[in-house]
Amino acid sequence: GINAEYMGVMVSLAILLISAVTAQVIYNVQYVNQPASCPIVNNSAPSTSSSLDAIQNRGFLRCGTTEGDNIFGKLSGSGGDRVGFDIAQCKAVAAAIFPDYTSSRIQYTTADSITRFTLIQNKTWDMVAWSTTKTALREAKYNLRFGPVMLYDGAGIAAKKSNTAVVALSDIPANSTVCVTIGSTTQAAVANWGAAKNISVNATLQKKDVYAAFVSGQCTYIGDDLSGLASNLNSTTDRILTGNPLSKEPLAPFSNAGETQIGQIIEAVINGLLLAEERGVTKANAQASNDVYSTEVGTSLGLNPTFMTNVIKTVGNYAEIYAEFVNASVPRAGGANRLFKDGGLLYASD
């Protein structure tokens, strides 16, 4: 038979093995339940918590946007209400979140070309609608989540009509300087286009100051998105130079990438504006029975099941918003900002 010494050794080995396995299991359980300071947690990763509850408890949406722009955003009348293409996006998201939407449900803050990113990074604002070009670099660098494209645009250059020798982009003399907004994608677009003619870029001013410098004559040429040029220049004295756009500028609202629920709501709202146009749902006829989404969409987002009905009643569908704010300066007909079924680039799915 097996002697007592051999049995003793085997029992000891068995105890050690069981202890080791048990310790490993306990160790692993303790390790994965460590607090956020534990080395296995990547503290630079975006938060997955939703800010929807915070917005609803606060009672208003904080939206960074522009001011003093005829297309994108300006004060209207003595009442101080804001109107514009970007403002309509803020109102649409607020109307989705608050079924009892009124203007008091939004707190607007005027953004500039730098703060529009940094104040979303630190969650001072809930969203930004500021005619901002959607790029992979901006999403990664500033931890952003862009919504669907609201306006397909491109960069251009303008000059004074008194400068009769310059009508087209190709007429700009070598060694000229073009003024653009600091922190804008127009800077690279103009620099790349003008490199062969040694055309330089002055990108030291905020947008309103760039336009003021052009009006005063400090800047001979000004570069911006074509929609911005059309909105802010005086057609009597100023001329957008002919030629192909210098870049592609898909403009979209954005939020902090860590606030996933708000990002999802922005996406659903913008897509819903397009679906409403496709289906003929307008500010005049919007009602729960023709809401563009199934009630499951609203419920899954934590919103009223027919939230898009409130959105459309507040701002209209995409075509109505475009007609109100953009079409006079940038006609929709024949352009990229038509529905896909009409030959444009805009479409959405529910």
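Me: Axes are lines fitted to C-alpha atoms, for helices over the stretch in contact (heavy atoms within 4.5 Å), and angles run from 0 to 180 degrees between N-to-C directions. With that in mind, at what angle does helix α7 run to β11?

Reply: The model is predicted, with local features needing pLDDT of at least 70 and side-chain atom pairs pLDDT 80 or more, while totals for chains, interfaces and linings use all residues. Residues are numbered from 1 along each chain as its sequence is written, and side-chain values use heavy atoms, without hydrogens and water. Helix α7 (residues 207-216) runs at about 145° to β11, lying across β8, β9, β10, β11 and β12.

Me: What makes β8 and β11 a pair?

Reply: Helices (H or I, at least four residues) and strands (E, at least two) are DSSP runs, numbered from the N terminus. Two strands pair if DSSP finds at least two bridges between them. β8 (residues 155-160) and β11 have five, in the antiparallel sense; Ala 155 stands opposite Asp 225 there. β9 (residues 177-181) and β11 have two, in the parallel sense, and Val 178 has Tyr 221 as its bridge partner.

Me: Which are the edge strands of the open sheet β10-β9-β11-β8-β12?

Reply: The five strands form that sheet with mixed pairing. β10 (200-205) and β12 (238-240) are the edge strands, since each pairs on one side only.

Me: Why is helix α11 called largely enclosed?

Reply: Buried means under 20% relative accessible area, exposed over 50%, partly exposed in between (1.4 Å probe, protein chains only). Seven of the nine residues of α11 (residues 307-315) are buried, so the rest of the structure largely encloses this helix. Among the buried ones are Phe 307 and Val 315, and the cover includes α3 (85-97) and α9 (260-279).
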